[in-house]
Amino acid sequence: MEGGRMLAVHSRTGSKSGRERRRPAAGGRLALLRVSRARLPGALSLVAVGLLLTACSLSYEGAKGQANGRANQKQAALTFLSDYPNPAVESITFTQEGSVGGAGFWAANAIVTIDGRTYDAILGPDRRASSSNPLPRFDPDAPAPTDVTVNYSDDTSEVVL
């Protein structure tokens, strides 16, 4: 109670609610701003260094990932063809570089062309990472596919098998 009136006091800030409020001390809030402004150049340079390191790291990972991505794509295509030796497979086109998913396996989206029709697939060098739309059945005694074109995500291609 203050002067016959009851006032609520904020538990964290200690400020009073009601008609009568105390003014902040002369240096209270302004001193905080002065301290913050004094540290601002140091904080900005720290943020700038962090951004520079992140950009360099992403650039390095991107360059390293392209080399690994193409090698992984080729291995994924060969794994797919060994698991699904349909002689009507014409081409495999990777639509993205690929990445390691939540299960811990590298995989990339691809479009597989079989006998003129396209099928969406997710292919990886590890058989557990691969999946696709239902693929057409074929005679298991038919000869294995030959001359399958693999189109990589970096716009290069080669004929495998």
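A nonpolar core is a set of buried Ala, Val, Leu, Ile, Met, Phe, Trp, Tyr and Cys residues joined through side-chain atoms within 4.5 Å. With that in mind, welcome to this structure, which is a predicted model.

**The core**

The largest nonpolar core here has 20 residues. Those with the most contacts inside it are F80, L81, V89, I92, F94, V112 and L123. At least two residues of this core come from each of α1 (28-83), β3, β5 (106-114), β6 (117-123) and β8 (148-151). Which element gives the most to this core? That is β5, with five residues. As general background, nonpolar side chains in soluble globular proteins tend to be buried together.

**Strand β5 and its partners**

Let us stay with β5 for a moment. Seven of its nine residues are buried, so that β5 is mostly covered by the definition of buried as under 20% relative accessible area. Strand β5 also pairs with other strands, and the table below lists these pairings.

| Pair | Bridges | Direction | Citation |
|---|---|---|---|
| β3 and β5 | five bridges | antiparallel | |
| β4 (residues 99-100) and β5 | two bridges | antiparallel | |
| β5 and β6 | seven bridges | antiparallel | |

Each pairing can be followed through a particular couple of residues. On the β3 side, I92 stands opposite V112 in β5. From β4, V100 stands opposite W106 in β5. Towards β6, A110 has A121 as its bridge partner.

Two hairpins involve β5 as well. The hairpin of β4 and β5 has five residues between the strands, and G104 there takes a positive phi near 95°. In the hairpin of β5 and β6, two residues lie between the strands, and D115 takes a positive phi near 50°.

**Two residues to look at: V112 and S91**

V112 is a good place to see how these elements meet. Leaving aside neighbours within four places in sequence, V112 is in contact with F80, V89, S91, I92, R117, T118, Y119, A121 and L123. Among these contacts is S91, a residue found in strand β3 (residues 89-94).

Is S91 buried or exposed? S91 counts as buried because its relative accessibility is 13%, and the cut-off for buried is under 20%. Again leaving aside neighbours within four places in sequence, S91 is in contact with I111, V112, T113, V148, T149 and N151.

How values were computed: Residues numbered from 1 in each chain as written. Predicted model: local features only at pLDDT ≥ 70, side-chain atom pairs only at ≥ 80, totals over all residues. Heavy atoms only, no water. Helix = DSSP H or I, 4+ residues; strand = E, 2+ residues; numbered from the N terminus. Buried < 20%, exposed > 50% of the residue type's maximum accessible area, 1.4 Å probe, protein only. Contact = heavy atoms within 4.5 Å. Pairing = 2+ DSSP bridges.
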